Amino acid sequence: MPDTFPTRWAPERRAPSSAWPQPPLLRALLRGALGRCPACGGAPLFAGWLRVREACPVCAAPLGRLRADDAPPYIVVFLVGHVVVGTQFALERYAGISIGAEIALLLPLTVGLALGLLRPVKGAVVGLMLRLGMLPEAARGG
Ligand SMILES: [Zn+2]
């Protein structure tokens, strides 16, 4: 049987180069969670409550091109759900308080945790995406 396949596909083995720094993964996650540019840490990541700035003024990382979309809310719901449901079960089992008192405790806890975690989680997701190179082709740089 003749070999009709022209060439075998080979994956790109070189790491993609970029014009901005590429810190280790954990550092990029922490910088993002702290609201700093995941690439250099030299400038704020956000240009509002949850709006990511278009580009880092220090290292020119294209932060605005990283589309975190629904990942941060999913992660926050997952985390807050576990904390609140676990707390509710513990209150039911050990505290013996009324349902009204449970609601009075758990409702502010839920809202506070959700609002408090959303920004750091979004920053960490943006840091993860930047570190993994999850950019549109045009924004990857040279
Ligand atoms: Zn930067």
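This is a short talk on helix 1, its packing against helix 3, and the nonpolar core.

One caution before we start: this is a predicted model.

Let's begin with helix 1. It covers residues 25-33. Which of its residues are buried? A28, L29, R31, G32 and A33. Note that an arginine, R31, is in that set. Just after the helix comes G35. The phi of G35 is positive, near 80 degrees.

Now, what do the buried residues of helix 1 pack against? The partner is helix 3, residues 99-131. The two axes come within 6 Å. They cross at roughly 145 degrees, and the crossing is right-handed.

Look at the contact residues. On the helix 1 side we have L25, A28, L29, R31, G32 and A33. On the helix 3 side they meet P120, G123, A124, V126, G127, L128, L130 and R131. By type, that contact has nine nonpolar residues, three polar and two charged.

A general point here. In soluble globular proteins, nonpolar side chains tend to be buried together.

On to the core. The largest nonpolar core in this model has 20 residues. Which residues have the most contacts inside it? L63, L66, V126 and L130. Helix 1, helix 2 (71-95) and helix 3 each give two or more residues to this core. Helix 3 gives the largest share, six residues.

Last, zoom in on L66. Leave out residues up to four places away in sequence, and L66 touches V52, V126, M129, L130, M134 and L135. Two of those names should be familiar: V126 and L130 also meet helix 1 as part of helix 3.

Key: Residues are numbered from 1 along each chain as its sequence is written. This is a predicted model: local features need pLDDT of at least 70, side-chain atom pairs count only at pLDDT 80 or more; totals for chains, interfaces and linings use all residues. A residue is buried if 20 or more other C-beta atoms lie within 10 Å of its own, exposed if 12 or fewer, and partly exposed in between; C-beta atoms are placed from the backbone. Helices (H or I, at least four residues) and strands (E, at least two) are DSSP runs, numbered from the N terminus. Two residues are in contact if their C-beta atoms, placed from the backbone, lie within 7 Å. Axes are lines fitted to C-alpha atoms, for helices over the stretch in contact, and angles run from 0 to 180 degrees between N-to-C directions. A crossing is left-handed if the near helix is turned anticlockwise from the far one by less than a right angle, and right-handed if clockwise. Ala, Val, Leu, Ile, Met, Phe, Trp, Tyr, Cys and Pro count as nonpolar, Asp, Glu, Lys and Arg as charged, and the others, Gly among them, as polar. A nonpolar core is a set of buried Ala, Val, Leu, Ile, Met, Phe, Trp, Tyr and Cys residues joined through C-beta atoms within 7 Å.
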